Amino acid sequence: MQFKDVKQDCLHFKGNIPCKPNKEHDYTCTSCPVYAPISKRIAIIKLGALGDVIRTTPLVVKFNNLYPNCHITWLTHSPEVLPSKQIHTILKPDAFSIHLLTNKHFDIAINLDKEEEACMLLDQITAKEKFGYTYFDGKIQPATPAAEHKLMTGYFDELSKNNTKSYLEEIFEICHFNFQQEPYLINKNEQLSQQWKDRLAELAAGKKIIGLNTGCGPRWNTRLWSVEAWLELASKLKEAGYFPVFLGGELEHPKNTQLSKESGAFYPGHFSLEEFIALTDACDLIVTQVTMMMHIATALQKKMILINTIFNAHEFELYGRGEIVQPPNGCVCFYGNTCVNEKACMHDITPDMIHAAVSRTINGY
């Protein structure tokens, strides 16, 4: 075989090393039965946060369905959550990656971050079509009119409060698509996931496993539920015949250790992101505030009870697998990190409300 016979337009082609079909089956380009000419080259810029990266992955499903054999390149601060099977080149934002992106040619380029550096990068990428947010005339601009709505809701709280579209509906519209329940994608360690399923199944002894994610990060403290509320909920779930498991990261470790000691509910400890995803996959239902866990549970197609106060509930897509519980009298602290009320709105959401939602969702009524 000569150099001219190398099919560099193939989806499997690696550029400088043997492709997977060659490694596994000794296939060569002159007689390869799995030759897959690339239909579209697509670049996606979605840097972070981690949860936002996960909830943007339905676009990958849409592109793969619409353009079989498309090649997708994704630039992100969170490469560890993206599945390499569906996303062929995953880059972290550094000088090498920027150089690569700005010297290649794409059919489609998308930027869904409103930060100036991301918008400037989309402007510099060569692509036949561009969607999302770009940069020209010294400011952030919509790449097409379809991106104006999302920009405007980011500028003005009143528009954001009155928005009735989910995040997925918005980003699909930005890309000139209609959202049709395309699922999330996530990088999951199947072996680790099975190990946790086996371990928790043994501990739960036939009981439904309810993951209680007690953290929400420091950005919006108004989302935090009290220790007393988590203790009461865990006790009620145990009494009802469930197996509650406290979940969280390093920040929640002292709190979860205390909660486990006082309630008798299981707390396995805190782990790497990879293992946290596997542990979440072992649960039957997740109770969480609006945080990274919401996106992980959605990607794993878990039933979920979402506790919400300060955000527009229309933003969230639960795929019919969960329920959003909010303060009975609403919340006035829209995107606020402190509550204007003497008693924070989160305290209006009671353990009884969450327990009832868990029972409805886990039993399908």
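Here is a walk through the structure above, from the whole chain down to single residues and then to two helix pairs.

A word first on the ground rules: this is a predicted model, in which local features need pLDDT of at least 70 and side-chain atom pairs count only at pLDDT 80 or more, while totals for chains, interfaces and linings use all residues. Residues are numbered from 1 along each chain as its sequence is written, and side-chain values use heavy atoms, with hydrogens and water left out.

Let us begin with the overall build. The protein chain holds 14 helices and 11 strands; these are DSSP runs, H or I of at least four residues for helices and E of at least two for strands, numbered from the N terminus. Along the principal axes, the C-alpha atoms fill a box of roughly 70 × 50 × 35 Å. The radius of gyration is 23 Å, which agrees with the value near 21 Å for a compact globule of 365 residues. That radius is taken over C-alpha atoms, and the globule rule is 2.2 Å times the number of residues to the power 0.38. Of the 365 residues, 48% count as buried, where buried means under 20% relative accessible area, exposed over 50% and partly exposed in between, with a 1.4 Å probe and protein chains only. Looking at contacts (heavy atoms within 4.5 Å) between residues at least 6 apart in sequence, 58% join residues at least 24 apart.

Strand β2, residues 71-75, is a good place to zoom in, with Ile 72 as one of its residues. Ile 72 counts as buried, at 0% relative accessibility. Leaving aside neighbours within four places in sequence, its contacts include Ile 42, Ile 44, Val 60 and Phe 63, as well as Gln 86, Ile 87, His 88 and Thr 89. Lys 40 is 32 residues away from Ile 72 in sequence, and their C-alpha atoms are 8.3 Å apart in space.

Trp 74 also lies in β2 and is likewise buried, at 0% relative accessibility. Not counting residues up to four places away in sequence, Trp 74 touches Ile 44, Val 60, Ile 87 and Thr 89, among others, with Lys 46, Val 53, Leu 82 and Leu 91 also on the list. Cys 32, by contrast, is 42 residues from Trp 74 in sequence and 28 Å from it in space, C-alpha to C-alpha.

A little further along the chain, Ser 97 sits in helix α4, residues 95-103. Ser 97 is buried, with a relative accessible area of 2%, and touches Leu 75, Leu 91 and Lys 92 once residues up to four places away in sequence are set aside.

Now for some backbone details. Most residues other than glycine have a negative phi, and most peptide bonds are trans. The peptide bond from Gly 48 to Ala 49, however, is cis, with omega near 5 degrees, and Ala 49 is placed in the loop between β1 (41-45) and α2 (50-54). His 176 has a positive phi, near 65 degrees, in the loop between α8 (167-174) and α9; this residue is partly exposed, with a relative accessible area of 49%. Tyr 319 has a positive phi too, near 60 degrees, and lies in the loop between β10 (303-307) and β11 (322-325). Tyr 319 is buried, at 13% relative accessible area.

Finally, the helix pairs. Two packed helices are described by the angle between their axes and the distance between the axes. Here axes are lines fitted to C-alpha atoms, for helices over the stretch in contact, and angles run from 0 to 180 degrees between N-to-C directions. The axes of α9 (residues 190-204) and α12 (residues 273-281) come within 8 Å and cross at roughly 45 degrees. That makes α9 oblique to α12, since angles under 35 degrees count as roughly parallel, over 145 as roughly antiparallel, 65 to 115 as roughly perpendicular and the rest as oblique. In this contact, Leu 192, Ser 193, Trp 196, Lys 197 and Leu 200 of α9 meet Glu 274, Glu 275, Ala 278, Leu 279 and Asp 281 of α12.

Helices α10 (residues 227-239) and α11 (residues 253-263) pack at an angle of about 45 degrees, with their axes 10 Å apart. That makes α10 oblique to α11. Val 227, Trp 230, Leu 231, Ala 234 and Lys 238 in α10 meet Lys 255, Gln 258, Leu 259, Glu 262 and Ser 263 in α11.
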